[in-house]
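Grab a coffee and open your viewer. Here are a few exercises to work through, each with a solution you can follow step by step.

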Amino acid sequence: ARTLRIGLIPGDGIGREVIPAGRRILEALPSSLGLKFSFVDLDAGFETFKQTGIALPEKTVETLKKECDGALFGAVSSPTTATKGYSSPIVALRKRLDLYANVRPVKSVAPTPAFPDPIDLVIVRENTEDLYVKEEKTYSTPNGKVAEAIKRISERASSRIATMAGDIAVRRQRVRSSTGDTSGKQAVVTITHKSNVLSQTDGLFRETARAALSQSHFQSAGVQIEEQIVDSMVYKLFRQPASYDVIVAPNLYGDILSDGAAALVGSLGLVPSANVGDGFAIGEPCHGSAPDIQGKGIANPIATLRSVGLMLEFLGQEEAAARIYQAVDGNLADGKLLSPDMGGKSGTEEVLEDVIRRL
Ligand code: NAD
Ligand code: MN
């Protein structure tokens, strides 16, 4: 059996309750999958900062780089007031490991009056450039201060993010065929931009993404290319979320769209993400450290369990990932053992055990 070494970075608050659940689901995967796991516990976060003055210890980065195949990151608390020397460990990790994509699937639990059709979409956000290069400056003029920021879009980053979106569309299509899916959903990548106004930066993103998605292997796999201006996209995403498959976006639009889209499915406790580079992936639930429910044993583990699935997918373990997704969907469809954020009465442990039973 192949052994994958997984770094566990629980961070703060409920990160310390949901990351152990992530480890348990990996340990519970059926041995017929031919996979084994070993784990290494790693520090990061605000507690680590308070103890050591550093939010992301060098040892964590080095261990991930040298020993690990993938990792799970819980959540970190941010200081409420500006704190000298503190900076977000996950942002730093994305940089240090060149995790250039943030991937966020959004999937509905059950039809609702507002959204009768099932929502099942993925937002693929470029994670290294755009306005987030943080090259800002402020200067004075006779009419007061002016502040400016650089929006940088490169062919290389746009091409690799669009290629990843295409790969995801192909993989989703393959899963739909192999599971006899009857939704009629097609493989479509929607390119998000505002090139009617920003013809050079967003124009380059749009053209480069189009070229990447026009590669023959995507075309022969039936991947359709659509594009949409970001503001009208927000409108349509909230009116007809079921009509989307894969959305690819530059950093800023992707950030906004993916946090917004998480609101479509009820609880933050359901929404996973992955930070992905070439050959490495960190699964990360979208929620924060939730100090209001910390220590009560009621944090919903599902966002983390789905993030484990995502990590496995990007490590090439699609079958193991599918087992986790199906077990989670089974728990949600059954609806008997749900955590309080979902209107249920079950704690973290009970939800986890139900999902494990369904593996
Ligand atoms: P939050 O996501 O921690 O919590 C928002 C609300 O959702 C809370 O009521 C919380 O109880 C609930 N919730 C979140 N996850 C849940 C789960 N798994 N199960 C059940 N309920 C859940 O956001 P916040 O309250 O704005 O932030 C709290 C802290 O987390 C802050 O310090 C913030 O900076 C940090 N934060 C970190 C991340 C991250 O690490 N990626 C993301 C967002 C916020
Ligand atoms: Mn965000």
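Two residues are in contact here when heavy atoms of theirs lie within 4.5 Å. Keep in mind that this is a predicted model.

**Exercise 1.** Find Cys68 and work out whether it is buried or exposed, and which residues it is in contact with beyond its neighbours within four places in sequence.

*Solution.*
- Start with the location: Cys68 sits in the loop between α3 (58-67) and β3 (70-75).
- Next, check the accessibility. The cut-off for buried is under 20% relative accessible area. Cys68 comes in at 9%, so it counts as buried.
- Now list the partners. Leaving aside neighbours within four places in sequence, Cys68 touches Arg5, Ile6, Gly7, Val40, Thr63 and Phe280.
- Pick Val40 from that list: the two are 28 residues apart in sequence, yet their C-alpha atoms are 8.4 Å apart in space.

**Exercise 2.** Which residues have the most contacts inside the largest nonpolar core, and which helix gives the most to this core?

*Solution.*
- The largest nonpolar core has 58 residues, and Ile6, Leu26, Phe37, Val103, Leu312 and Phe314 have the most contacts inside it.
- Helix α10 (residues 302-314) gives the most, with 7 residues.
- Zoom in on Phe37. Skipping neighbours within four places in sequence, its contacts are Thr3, Leu4, Ile6, Leu26, Leu29 and Leu312.
- Apart from this core lies another one of 21 residues, with Val40, Ala44, Leu56 and Cys68 among them.
- As background, nonpolar side chains in soluble globular proteins tend to be buried together.

**Exercise 3.** Take ligand 1: how many residues surround it, and how much of its accessible area does the protein cover?

*Solution.*
- Count the shell: 19 residues surround ligand 1, with Ser78, Gly288, Ala290, Asp292 and Asn300 the closest.
- Sort them by type and you get 9 nonpolar, 7 polar and 3 charged.
- Look at oxygen: a ligand 1 oxygen is 2.6 Å from an N or O atom in the Ser78 side chain.
- Then nitrogen: a polar side-chain atom of Glu284 is 3.1 Å from a nitrogen atom of ligand 1, and for His287 the distance to a ligand nitrogen is 3.3 Å.
- On its own, ligand 1 has 800 Å² of accessible area, and the protein covers 66% of that.

**Exercise 4.** What is the sign of phi at Ala290, and where is Ala290 found?

*Solution.*
- Recall the usual rule: most residues other than glycine have a negative phi.
- Ala290 has a positive phi of about 40°, although it is not a glycine.
- Ala290 lies in the loop between β12 (280-283) and α10.
- With 22% relative accessibility, Ala290 counts as partly exposed.

Technical notes
Residues are numbered from 1 along each chain as its sequence is written. Chains are lettered from A and ligands numbered from 1 in the order in which they are written. This is a predicted model: local features need pLDDT of at least 70, side-chain atom pairs count only at pLDDT 80 or more; totals for chains, interfaces and linings use all residues. Side-chain values use heavy atoms; hydrogens and water are left out. A residue is near a molecule or strand if one of its heavy atoms lies within 4 Å of it. A polar contact is a pair of N or O atoms within 3.5 Å; within protein, one must be able to donate a hydrogen and the other to accept it, and residues adjacent in sequence count only if both atoms are side-chain atoms. Accessible areas come from the Shrake-Rupley method with a 1.4 Å probe; for residues, only the protein chains shown count as cover. Ala, Val, Leu, Ile, Met, Phe, Trp, Tyr, Cys and Pro count as nonpolar, Asp, Glu, Lys and Arg as charged, and the others, Gly among them, as polar. A nonpolar core is a set of buried Ala, Val, Leu, Ile, Met, Phe, Trp, Tyr and Cys residues joined through side-chain atoms within 4.5 Å. Buried means under 20% relative accessible area, exposed over 50%, partly exposed in between (1.4 Å probe, protein chains only). Helices (H or I, at least four residues) and strands (E, at least two) are DSSP runs, numbered from the N terminus.
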